[in-house]
Amino acid sequence: MSPEPSGRRSAGHAWRWALAGLIVVVALAVAVWPRGDDDETTGRQSPPSTPGVSDDVRAAAGLPACPSGAATGTGPLAGMTLDCLADGRPVDLAAALAGKPALLNLWAYWCAPCAEELPYLQQYARRAGNAITVLTVHSDPDEAKALSRLRGLDVQLPGVLDADARVRTAVGAPAVLPISVLVRADGSVADVVVRAFDGVDDIANTVAGKLGVAA
């Protein structure tokens, strides 16, 4: 086999060096090319934002507005702001409850004992009238399911969304449901009831004994 002429070898080397340089330039361009939020090379996408609950869904539940107040709230709930289930507006919890005894019922849409108890709480609220504030506290982030559950139970009580279980933490309650927190008019906690009420009379007797409210 005849040896390759030197001129042809030089031309071949030059061509290979030029090709290598072009590959490096292309690689650098790809590395610095701006990308959007989605990574097309891996198929990963930015997580979608959680849609809010529509006004129609809130209206269908038929919940009354949450209590409100201009007073400065005290006690373990002071400074806590939660969203009202009826309209999504923020509620300063301690301020809203100030000046009147209150029963806060901590529940969740997936809790079977809660579903049995909630209608009793509504009956009690009607029986007690303005003597006490009865407020439900949905202790789970799924607001839409909370509204659907209340609608299915035909329960229309004012309520707030407590996605992070802040009320339970503030009053030192265990991680179980349902729980009822009995709050005095001055914002202090009279009792934390860690069980489901079995009827309207059970609620009335418990509240009367702890808060002095007869109903």
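**Group meeting: helix 7, two disulfides and a glutamine**

Let's start with helix 7, whose buried residues are covered by, among others, strand 3 (102-107), helix 4, strand 6 (179-183) and strand 7 (189-193). Please keep in mind that we are looking at a predicted model.

Which residues of helix 7 are buried? They are Val-200, Asp-202, Ile-203, Ala-204, Thr-206, Val-207 and Leu-211. The helix itself runs over residues 200-211, so to speak of its size, it has 12 residues. From the first C-alpha to the last, helix 7 reaches 16 Å, close to the 16 Å expected at 1.5 Å a residue. Just after helix 7 comes Gly-212, and this glycine takes a positive phi of about 75°.

Now let me step back to the whole chain. The protein chain holds seven helices and seven strands. If you follow along the sequence, the pattern reads α-α-β-β-α-β-α-β-α-β-α-β-β-α. There are 215 residues in the chain, and buried ones make up 37% of them. For the contacts with a separation of 6 or more, 67% are accounted for by residues 24 or more positions apart. On the outside, the chain exposes about 12,200 Å², and carbon and sulfur atoms supply 54% of that area.

On to the cysteines. How many disulfides does a search of the whole structure find? The search finds two. Counting bonded cysteines along the chain, the disulfides follow the pattern 1-2, 3-4.

One disulfide joins Cys-66 to Cys-84, with an S to S distance of 2.2 Å. This link is right-handed, with 95° about the S-S bond. What does the pair tie together? Cys-66 lies in the loop between helix 2 (55-61) and strand 1 (81-84), while Cys-84 is in strand 1, so the disulfide ties together parts that are 18 residues apart in sequence. Are these two cysteines buried or exposed? Cys-66 has a relative accessible area of 14%, so Cys-66 counts as buried, and Cys-84 is buried too, at 1% relative accessibility.

The other disulfide joins Cys-111 to Cys-114, again with S to S at 2.2 Å. Here the torsion about the S-S bond is about 80°, so this disulfide is right-handed. Both Cys-111 and Cys-114 are buried.

Next, a residue I'd like you to find on the screen: Gln-122, in helix 4 (residues 112-128). Helix 4 is one of the elements that cover the buried residues of helix 7. Is Gln-122 buried or exposed? With a relative accessible area of 8%, Gln-122 is buried. What does its side chain reach? The side chain of Gln-122 reaches the backbone oxygen of Asp-154 at 3.3 Å. Leaving aside neighbours within four places in sequence, Gln-122 is in contact with Asp-154, Val-155, Gln-156 and Leu-157.

Finally, a word on confidence. The mean pLDDT of the chain is 83, and 76% of the residues reach 70 or more. Over residues 1-11 the pLDDT is below 50, and this stretch has one contact in the model beyond near neighbours in sequence. Residues 24-50 also have a pLDDT below 50, and that stretch has six contacts beyond near neighbours in sequence. Where pLDDT is low, the predicted coordinates should not be read in detail. Thanks, everyone, and I'm happy to go back to any of these residues on the screen.

Terms used:
Residues are numbered from 1 along each chain as its sequence is written. Side-chain values use heavy atoms; hydrogens and water are left out. A disulfide is a pair of cysteine sulfur atoms within 2.5 Å. Helices (H or I, at least four residues) and strands (E, at least two) are DSSP runs, numbered from the N terminus. Buried means under 20% relative accessible area, exposed over 50%, partly exposed in between (1.4 Å probe, protein chains only). A polar contact is a pair of N or O atoms within 3.5 Å; within protein, one must be able to donate a hydrogen and the other to accept it, and residues adjacent in sequence count only if both atoms are side-chain atoms. Contact means heavy atoms within 4.5 Å. The expected span of a helix is 1.5 Å times one less than its number of residues. Accessible areas come from the Shrake-Rupley method with a 1.4 Å probe; for residues, only the protein chains shown count as cover. pLDDT is the predictor's confidence in each residue, from 0 to 100.
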